[in-house]
Amino acid sequence: MTTQAEELLGAQVTGADGKVVGTVEQVFRDDVDGTPAWARVRSGKTGRFVPLGSSQVTGNGLSVPFDTQKIMGG
């Protein structure tokens, strides 16, 4: 992922099933190369961590390759 971490803050996160999971609250960078590696996604009162390696920035926010159920259960 070549996106700057700041661009992801507040982005809507959509799962592979097309459902909105929440919004990006915080981005964690890789210790070696500094690229965005994980996002903390706020969904209601809870936060979930989602890896960004296979995610894509879209016109609607951030699309992750995991379905909503997997994210919320993880």
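Which residues does serine 43 touch, not counting residues up to four places away in sequence? Point 4 below returns to this.

1. Status of the model. This is a predicted model, and the points below should be read with that in mind.

2. Overall make-up. The protein contains 2 helices and 6 strands. Read from the N terminus, the order of the elements is α-β-β-β-β-β-β-α. The radius of gyration is 11 Å, close to the 11 Å that the globule rule gives for 74 residues, so the protein is as compact as a globular protein of that length. The C-alpha trace spans about 30 × 25 × 20 Å along its principal axes.

3. Burial, contacts and surface. Of the 74 residues in the protein, 32% are buried. Among contacts with a separation of 6 or more, 35% are made by residues 24 or more positions apart. The accessible surface of the protein is about 4,500 Å², and carbon and sulfur atoms account for 48% of that surface. As for charge, there are 7 positive and 8 negative side chains. The centres of these two sets are 12 Å apart.

4. Serine 43. This residue belongs to strand β3, which covers residues 36-43. Serine 43 has a relative accessible area of 17%; the cut-off for buried is under 20%, so serine 43 counts as buried. To answer the opening question, serine 43 touches Val21 and Met72, with residues up to four places away in sequence left out. For valine 21 there is a further detail: the side chain of serine 43 reaches the backbone oxygen of valine 21 at 2.9 Å.

5. Aspartate 67. This residue is found in the loop between β6 (61-63) and α2 (68-73). Is aspartate 67 buried, partly exposed or exposed? Its relative accessible area is 35%, and partly exposed covers the range between under 20% and over 50%, so aspartate 67 is partly exposed. Once neighbours within four places in sequence are set aside, aspartate 67 is in contact with Ala16 and Asp17. A distance to another part of the chain can also be given: the C-alpha atoms of aspartate 67 and glutamine 26 are separated by 20 Å. Those two residues are 41 residues apart along the chain.

6. The two residues side by side. Serine 43 is in a strand, whereas aspartate 67 is in a loop. Serine 43 is buried, while aspartate 67 is partly exposed. A reader can find both in the structure above and look for Val21 and Met72 beside serine 43, then for Ala16 and Asp17 in contact with aspartate 67.

How values were computed
Residues are numbered from 1 along each chain as its sequence is written. This is a predicted model: local features need pLDDT of at least 70, side-chain atom pairs count only at pLDDT 80 or more; totals for chains, interfaces and linings use all residues. Side-chain values use heavy atoms; hydrogens and water are left out. Helices (H or I, at least four residues) and strands (E, at least two) are DSSP runs, numbered from the N terminus. The radius of gyration is taken over C-alpha atoms; the globule rule is 2.2 Å times the number of residues to the power 0.38. Buried means under 20% relative accessible area, exposed over 50%, partly exposed in between (1.4 Å probe, protein chains only). Contact means heavy atoms within 4.5 Å. Accessible areas come from the Shrake-Rupley method with a 1.4 Å probe; for residues, only the protein chains shown count as cover. Lys and Arg count as positive and Asp and Glu as negative; His and the chain ends are not counted. The place of a charge is taken as NZ of Lys, CZ of Arg, CG of Asp or CD of Glu. A polar contact is a pair of N or O atoms within 3.5 Å; within protein, one must be able to donate a hydrogen and the other to accept it, and residues adjacent in sequence count only if both atoms are side-chain atoms.
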